[in-house]
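Me: Please go through this model with me one point at a time, with the reasoning set out before each answer. I would like the criteria stated wherever a term depends on them.

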Amino acid sequence: MLPLGRISGHRGREGELTVKVLGGDGSLWTGLARVWVGAEGGEDGAFYRVESSRAYRDRLVLKLEGVDGADEAEALRGKPVQARNEDAPTLP
């Protein structure tokens, strides 16, 4: 698993999450199909399918399947986000 960043908040009422990307460039990660949210191997973590993603400044904005409101998104604030090694973007 590769550390991607940490959930810093949410946008709107639909449950979109903002992720502060460790490398500072969220646009590299917009093609992910799923992410792990929570400590790797931790009981509080789970894989989520990415419904949509976009870059916004130094952040990645994710809409995850099953996170459908502001309250659900807020409950994930501060959690680390990781991607599988095989899902990592190819660097130029």
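**Contacts, strands and surface**

Me: With the side chain of which residue does the side chain of K63 make a polar contact?

Reply: This is a predicted model, in which local features need pLDDT of at least 70 and side-chain atom pairs count only at pLDDT 80 or more, whereas totals for chains, interfaces and linings use all residues. Residues are numbered from 1 along each chain as its sequence is written, and side-chain values use heavy atoms, with hydrogens and water left out. A polar contact is a pair of N or O atoms within 3.5 Å, where within protein one must be able to donate a hydrogen and the other to accept it, and residues adjacent in sequence count only if both atoms are side-chain atoms. At 3.0 Å, the side chain that makes such a contact with the side chain of K63 is that of D68.

Me: Is K63 buried or exposed?

Reply: K63 lies in strand β5, residues 59-64, strands being DSSP runs of E with at least two residues and helices runs of H or I with at least four, numbered from the N terminus. Leaving aside residues up to four places away in sequence, K63 touches E14, G15, E16, R49, V50, E51, S52 and D68, a contact being heavy atoms within 4.5 Å. Buried means under 20% relative accessible area, exposed over 50% and partly exposed in between, with a 1.4 Å probe and protein chains only. K63 has 10% relative accessibility and therefore counts as buried.

Me: What pattern do the helix and strands follow along the sequence?

Reply: The secondary structure of the protein chain comes to one helix and six strands. Read along the sequence, these elements give the pattern β-β-β-β-β-α-β.

Me: Which residue of β6 is the bridge partner of V37?

Reply: Two strands pair if DSSP finds at least two bridges between them. Strand β6 pairs in the antiparallel sense with β1 (residues 2-11) over four bridges, and β3 pairs with β6 in the antiparallel sense over two bridges. On the β1 side, R6 stands opposite P80, while G5 has V81 as its bridge partner in β6. On the β3 side, the bridge partner of V37 in β6 is V81.

Me: What is the phi of G12, in the turn between β1 and β2?

Reply: β1 and β2 (residues 16-21) pair in the antiparallel sense over six bridges, one of the bridge partnerships being that of I7 with V19. The two strands form a hairpin with four residues between them, and G12 in the turn has a positive phi of about 70°.

Me: How far does a polar atom of the side chain of Q82 lie from the backbone oxygen of G38?

Reply: Q82 sits in strand β6, residues 80-83, and with 8% relative accessibility it counts as buried. The distance from the backbone oxygen of G38 to a polar atom of the Q82 side chain is 3.3 Å.

Me: Why is the aromatic pair of W36 and F47 classed as it is?

Reply: A search of the whole structure finds one aromatic pair. Its ring centres, those of W36 and F47, are 5.0 Å apart, and the pair links distant parts of the chain, with W36 in strand β3 (residues 34-37) and F47 in strand β4 (residues 46-56), 11 residues apart. Rings of Phe, Tyr and Trp (its six-membered ring) pair if their centres lie within 6.5 Å, and planes under 30 degrees apart count as stacked, over 60 as edge-to-face and the rest as tilted. The planes of W36 and F47 stand at 75°, so the pair is edge-to-face.

Me: What is the relative accessible area of F47?

Reply: The two residues of the aromatic pair can be taken in turn. W36 counts as buried at 13% relative accessibility. F47 is partly exposed, with a relative accessible area of 36%.

Me: What is the relative accessibility of R57?

Reply: R57 is placed in the loop between β4 and β5, and although it is not a glycine, R57 has a positive phi of about 55°. R57 counts as exposed, its relative accessibility being 71%.

Me: How far apart in space are A75 and G9, C-alpha to C-alpha?

Reply: A75 is found in the loop between α1 (70-74) and β6, and its relative accessible area of 55% makes it exposed. A75 and G9 are 66 residues apart in sequence, and their C-alpha separation in space is 9.4 Å.
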